[in-house]
Amino acid sequence: QVQLVESGGGSVQAGGSLKLSCVARGGTFNRISMGWFRQSPGKEREFVADVSRSGSTFYSDSAKGRFTIPRDNARKTVSLQMSSLKPEDTGAYYCAADVTRILTGLAQGLAQQYEYWGQGTQVTVSS
């Protein structure tokens, strides 16, 4: 069982930066691949970024070049560092854990790949 708790959401103007954090409780963190998703009202949950247990990263096209997803295994934490934010980045951001992916497994950007989810943290970007 893995519990995920996000923090760091808030309101920011377009062009600004924001850092989200997610701490994992339970499980063996260095064996877990972690992801971030977001969801806007009326839209499906959308993949943002993933960092595998080996440290490999994978980003959505919208996140590439603007977001990074560092992980700190000692602190059992994964972050989402967002910069050059746009109004379309607005939404609830969710941290997710994939505990079954093998060391050489690849991120697919699909919600069903992840078994555990946090409660979400809201990000609002104003123009």
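This report walks through a predicted model, starting from one strand and moving out to its partners, the core and the salt bridges.

## Strand S10 and its partners

A good place to begin is strand S10, which covers residues 91-98. Eight of its eight residues are buried, so the strand is largely enclosed by the rest of the structure.

Three strands pair with S10, and you can trace each in the model. Strand S4 (residues 33-39) runs antiparallel to S10, and the pairing extends over seven bridges. Strand S12 (residues 121-126) is also antiparallel to S10, with three bridges between them. Strand S11, made of residues 116-117, joins S10 in the antiparallel sense too, through two bridges.

Some individual residue pairs help to fix the register. Tyr 93 of S10 is the bridge partner of Arg 38, and Tyr 93 also stands opposite Thr 121 in S12. Further along, Ala 96 has Trp 117 in S11 as its bridge partner. As a reminder when you look at these strands, side chains in a regular strand alternate between the two faces of the sheet.

## A look at Thr 121

Thr 121 belongs to strand S12. With a relative accessible area of 12%, Thr 121 is buried because it falls under the 20% cut-off.

What does Thr 121 touch, beyond its neighbours within four places in sequence? Its contacts are Glu 6, Ser 7, Gly 8, Gly 9, Leu 20, Gly 91, Ala 92 and Tyr 93. Gly 9 deserves a second look: its backbone nitrogen is 3.2 Å from a polar atom of the Thr 121 side chain.

## The nonpolar core

Nonpolar side chains tend to be buried together in soluble globular proteins. In this model, the largest nonpolar core contains 27 residues. Met 34, Trp 36, Leu 80, Met 82 and Tyr 93 have the most contacts inside this core. At least two core residues come from each of these strands: S3 (18-25), S4, S5 (46-51), S9 (77-82), S10 and S12. Strand S3 gives the most, with four residues.

Tyr 93 is therefore worth highlighting in your viewer: it sits among the core residues with the most contacts, and it belongs to S10, the strand with eight of eight residues buried.

## Salt bridges

The model has seven salt bridges. In one of them, Arg 38 pairs with Glu 46, with 2.9 Å between the closest N and O atoms. Is each partner buried or partly exposed? Arg 38 counts as buried because its relative accessibility is 5%, whereas Glu 46, at 35%, counts as partly exposed.

Another salt bridge connects Asp 50 and Arg 101, whose closest N and O atoms are 2.8 Å apart. This pair links distant parts of the chain, as Asp 50 lies in strand S5 and Arg 101 in the loop between S10 and S11, 51 residues apart. Both Asp 50 and Arg 101 are buried.

Lys 64 and Asp 61 form a further salt bridge, and their closest N and O atoms are 3.4 Å apart. Asp 61 counts as exposed because its relative accessibility is 67%. Finally, Arg 38, Glu 46, Arg 66 and Asp 89 are joined into one network by salt bridges that share partners. Arg 38 thus appears twice in this picture, in that network and as the bridge partner of Tyr 93 in S10.

Notes:
Residues numbered from 1 in each chain as written. Predicted model: local features only at pLDDT ≥ 70, side-chain atom pairs only at ≥ 80, totals over all residues. Heavy atoms only, no water. Buried < 20%, exposed > 50% of the residue type's maximum accessible area, 1.4 Å probe, protein only. Pairing = 2+ DSSP bridges. Polar contact = N/O pair within 3.5 Å; in protein donor to acceptor, adjacent residues only side chain to side chain. Contact = heavy atoms within 4.5 Å. Core = buried A, V, L, I, M, F, W, Y, C linked by side-chain atoms within 4.5 Å. Salt bridge = Lys/Arg side-chain N within 4 Å of Asp/Glu carboxyl O.
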